[in-house]
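Colleague: Please take a close look at a single part of this model. I should like to understand, step by step, how that part is built and what surrounds it.

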Amino acid sequence: MEKNLDFNFKGKRIVFLDYNSNSYAKKNIDLPVEKELSLVYSGGVVVERQYPEASLACMLEFAELCERHKSHFHLYPREYNEEVYADYIDLDKHNNYFHFHRPVPFADLYQEISQYDYAVIPVRDNVFESEVDGYYTRQKMLYAGTNKLFDFVAAGLPIIAVSPKCLTDYFGEQDIVIKWTMGQIDFEELKSKLHEMKCKVLEKQHYFSMDAHIDELINFYHAL
C-alpha cells in the first residue's frame, strides 16, 4: 500500500487476519480418475498425551477413522519435536494411511498441500460444550481467527471444519467449507463431491485475495 498506492500510514500499523497473495493461488484442478481419498492438516497440534480430554486433541483417533475408511491423512505440524510427537511418529511407521510430515516452509506450504483432496481441522463432536478445552477457551473456539483457512484456500483445497466457528461460518457463506465434526464425516460423500468442491474453491480464490479487499482496508483505516 505504501509503495504502490502512496498511502500514508502516519506511523500507525493495523494487523489484519491474513488474506492470500494471488501469487500463492493454485490455478487448476488435478483429479486422478481413481485414487484413495487424501485429507491434510497443517498448523499447530494439540497433543493427546498433554490434553487427553481436549476436543482438538484427536489426531490419533482421526487417523484410525481414516484408516477404517481407506483414506489417507497427512499431518504437517508447525514445528517438529520427536519427544512431543512420539505417538505420531510411531503411528506413521505402522499405519499405511497416516503420514506424519516434517514442517514445510510457508513459501512452499501451499504447493505442498495442494496435492491432497481436502483440508481438515479434526475436532470431536463435543467441541463447543466446555468452557475450557485443553488450552483453548470456549470463546476462542467461537471467535478466534486462524490463517490456516486462507492457506487451505490458496492451495485449492475445500475445507472440513467447524472451528473457529465465526470464521468457518464466514468461509461457509462462500460454500467452500463442509461443517462436520469428526463423528459426522461421510467419506463416501467427500469422494462424490470432490470435483464440485474443488471447482468452488478455485472460483472463490480471488474473493479471498488481498487484491480484492484493498479498498475495504483503506476505508476501514480512514474510518478510525
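**The sheet and its strand β1**

Modeller: The chain contains nine helices and eight strands. The model is a predicted one. Of the 224 residues in the chain, 46% are buried. Among contacts between residues at least 6 apart in sequence, 74% join residues at least 24 apart.

The part I have chosen is the sheet, with particular attention to strand β1. Six strands form this open sheet, in the order β3-β2-β1-β4-β7-β8, and their pairing is parallel. Its edge strands are β3 (98-100) and β8 (177-178), each of which pairs on one side only. In general, the strands of a sheet pair through backbone hydrogen bonds, either parallel or antiparallel.

In the order of the sheet, β1 stands between β2 and β4. Strands β1 and β2 pair in the parallel sense over six bridges. In this pairing, Leu 39 stands opposite Phe 73 of β2. Towards the β8 edge, β7 (residues 159-160) and β8 are joined in the parallel sense over two bridges. There, Ile 159 stands opposite Val 177 in β8.

Let us now consider the two faces of β1. In a regular strand the side chains alternate between the two faces of the sheet. In β1, Ser 38, Val 40 and Ser 42 are on one side, while Leu 39, Tyr 41 and Gly 43 are on the other, and both groups are buried. Since six of the six residues of β1 are buried, this strand is largely enclosed by the rest of the structure.

Helices form part of the surroundings. Helix α2 (residues 59-68) lies across β1 (38-43), β2 (72-77), β3 and β4 (118-120), and runs at about 155° to β2. Helix α3 (residues 86-94) lies across β2 and β3, running at about 130° to β3.

One residue of the neighbouring strand shows these surroundings in detail. His 74 is found in β2. The cut-off for a buried residue is under 20% relative accessible area, and His 74, at 10%, therefore counts as buried. Leaving aside residues up to four places away in sequence, His 74 touches Ser 38, Leu 39, Val 40, Tyr 41, His 99, His 101 and Tyr 116. The side chains of His 74 and His 101 also make a polar contact, at 2.9 Å.

Strand β1 also borders an open space. Rolling a probe the size of a water molecule over the atoms shows where empty space is left. The largest pocket holds about 700 Å³ of space. It is lined by 30 residues, of which Tyr 41, Gly 43, Gly 44, Thr 146 and Lys 148 are the closest to its centre. The elements that each give two or more residues to this lining are β1, β2, α4 (106-113), α5 (138-143) and α6 (148-154). Strand β1 supplies the largest share of the lining, with three residues.

Finally, there is a site just past the β8 edge. Thr 181 is placed in the loop between β8 and α8 (187-204). Although this residue belongs to a loop, its relative accessible area is 8%, so Thr 181 is buried. Its contacts, not counting residues up to four places away in sequence, are with Val 123, Arg 124, Asp 125, Val 127 and Val 162.

In summary, β1 is paired with β2 over six bridges, has both faces covered, and contributes three residues to the lining of the largest pocket.

Terms used
Residues are numbered from 1 along each chain as its sequence is written. This is a predicted model: local features need pLDDT of at least 70, side-chain atom pairs count only at pLDDT 80 or more; totals for chains, interfaces and linings use all residues. Side-chain values use heavy atoms; hydrogens and water are left out. Two strands pair if DSSP finds at least two bridges between them. Helices (H or I, at least four residues) and strands (E, at least two) are DSSP runs, numbered from the N terminus. Contact means heavy atoms within 4.5 Å. Axes are lines fitted to C-alpha atoms, for helices over the stretch in contact, and angles run from 0 to 180 degrees between N-to-C directions. Buried means under 20% relative accessible area, exposed over 50%, partly exposed in between (1.4 Å probe, protein chains only). A polar contact is a pair of N or O atoms within 3.5 Å; within protein, one must be able to donate a hydrogen and the other to accept it, and residues adjacent in sequence count only if both atoms are side-chain atoms. On a 1 Å grid over the protein atoms alone, a cavity is a set of points where a 1.4 Å probe fits but cannot get out, and a pocket is an open set with protein on both sides within 12 Å along at least five of seven lines; lining residues have an atom within 4 Å of a point. Grid points are joined across faces, edges and corners, and a volume is the space filled by probe spheres set on the points.
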